[in-house]
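Reader: I'd like to learn how to read a protein model feature by feature. Can we take it slowly and talk it through?

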Amino acid sequence: MWRLSGLITALSIGMKKQFYYAVRAGRKPGVYATWDECKEQVDKFPSASFKKFATEEDAWSFVGTVASSSQVALTECRDQSNSANEELKRENSSGEKRSLASDTDDEPCTKRFKSTEPFSDSERKFTYMGDAVAVYTDGCCTGNGQKRAKAGIGVYWGPGHSLNLSERLPGRQTNQRAEIVAACRAIEQAKELNIEKLIIFTDSMFTINGITKWIKSWKTNGWKLSSGGSVINKQDFERLDKLNSGINVEWMHVPGHAGFTGNEAADSLAKDGASKPPC
């Protein structure tokens, strides 16, 4: 018994608990994964305010930017071996997103926290994160995978913004295509206004990993998966890749249906788009 007890104690000591470091007043207010990152924001900063928490929710509450207002986002990527059923999503007939294995590669993705203080441009009604304009995109598809599927895209720039977009997805009706095309439309709009830096908030890790990681190996392998199959959404990713050049785009993940205002608004626009007549 003493050996078992000793083993449990050793394992307990070896397990490192995850803490969240909240910076309320510092160079860049937000929530950070490590003390070193937090220290960079508060060291020698006048009247710095920061604290360590056991939960992310408590940390954001301390910062004063809770999930319901959501102008900042935490992106947490998992090892590729566990991500296939978590990152690649589609909508079933009830409209609720569910996991599905699809395009993957073998490269792991590490955790990263992003945070910055948002402010609004009252004249142009954009929300800025530093010097970058923030936009939310989303796609949806009712009856995904079925013959009568209906997909829509949503792009949300802010409350009542003239650029807010709700469209029916042209062509093949799937949730994954809707997510990719929504991002394409946001970049097209940004380029038309000569926006140089853009932050796209999306709940689609499939889109994020596709454009930031997997596309490199897809191009090298002639748009083939490691399994030998073809990349189903080749044309959409080629379009997104072309648009992604000539503009500085940062991709940020937000959890879907988790109370993030911008994401919920983009989702609503996408659903409205799905109800429109086919293009």
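Reader: Let's start with the outside. What does the accessible surface of the protein come to, and how much of it belongs to carbon and sulfur atoms?

Author: One thing up front: this is a predicted model. The accessible surface comes to about 14,700 Å², and carbon and sulfur atoms account for 51% of that.

Reader: And the inside? What percentage of the residues is buried?

Author: Of the 279 residues in the protein, 47% are buried. Laid over that are eight helices and 14 strands.

Reader: How do I read the contacts along the sequence? What share joins residues at least 24 apart?

Author: Take the contacts between residues at least 6 apart in sequence: 66% of them join residues at least 24 apart. I195 and I247 give you a concrete pair, sitting 52 residues apart along the chain with their C-alpha atoms separated by 7.7 Å.

Reader: Where is I195, and is it buried or exposed?

Author: I195 lies in the loop between α5 and β13. Its relative accessible area is 9%, so it counts as buried. Skipping neighbours within four places in sequence, I195 is in contact with F126, V133, W157, A190 and I247.

Reader: Can we do the same for a residue in a strand? Which contacts does V135 make beyond its neighbours within four places in sequence?

Author: V135 belongs to strand β10, residues 132-142. V135 has 0% relative accessibility, so it is classed as buried. Setting aside those sequence neighbours, its contacts are V155, Y156, W157, A186, L198, I199, I200 and F201. For a distance to check in your viewer, try the C-alpha atoms of V135 and N164: they are 9.5 Å apart, with the two positions 29 residues apart along the chain.

Reader: Now a helix residue, please. What does N263 touch, not counting residues up to four places away in sequence?

Author: N263 is in helix α8, residues 261-274, and touches Y136, D138, D203, V254, P255, G256 and H257. N263 is buried because its relative accessibility is 1%, below the 20% cut-off.

Reader: How do I describe two helices packed together?

Author: The general idea is that you give the angle between their axes and the distance between the axes. Take α5 (residues 175-192) and α7 (residues 234-244): the angle is about 25° and the axes are 10 Å apart. The two helices are therefore roughly parallel, and their crossing is left-handed.

Reader: Which residues make that contact?

Author: From α5 they include I180, V181, C184, I187 and K191, and from α7 they include F237, L240, L243 and N244.

Reader: At what angle do α6 and α7 pack?

Author: Helix α6 (residues 205-220) meets α7 at about 95°, with the axes 11 Å apart. That makes α6 roughly perpendicular to α7. On the α6 side the contact residues include F206, G210, I211, I215 and W218, while α7 contributes F237, L240, D241 and N244.

Reader: Last one: how many disulfides does the structure hold?

Author: Zero. The thing to look at is the sulfur-to-sulfur distance, with 2.5 Å as the cut-off. For C140, the closest cysteine sulfur is in C141, 7.2 Å away, which is too far for a bond. C140 is buried, at 1% relative accessible area, and C184 is buried too, at 0%.

Note on methods
Residues are numbered from 1 along each chain as its sequence is written. This is a predicted model: local features need pLDDT of at least 70, side-chain atom pairs count only at pLDDT 80 or more; totals for chains, interfaces and linings use all residues. Side-chain values use heavy atoms; hydrogens and water are left out. Helices (H or I, at least four residues) and strands (E, at least two) are DSSP runs, numbered from the N terminus. Buried means under 20% relative accessible area, exposed over 50%, partly exposed in between (1.4 Å probe, protein chains only). Contact means heavy atoms within 4.5 Å. Accessible areas come from the Shrake-Rupley method with a 1.4 Å probe; for residues, only the protein chains shown count as cover. Axes are lines fitted to C-alpha atoms, for helices over the stretch in contact, and angles run from 0 to 180 degrees between N-to-C directions. Angles under 35 degrees count as roughly parallel, over 145 as roughly antiparallel, 65 to 115 as roughly perpendicular and the rest as oblique. A crossing is left-handed if the near helix is turned anticlockwise from the far one by less than a right angle, and right-handed if clockwise.
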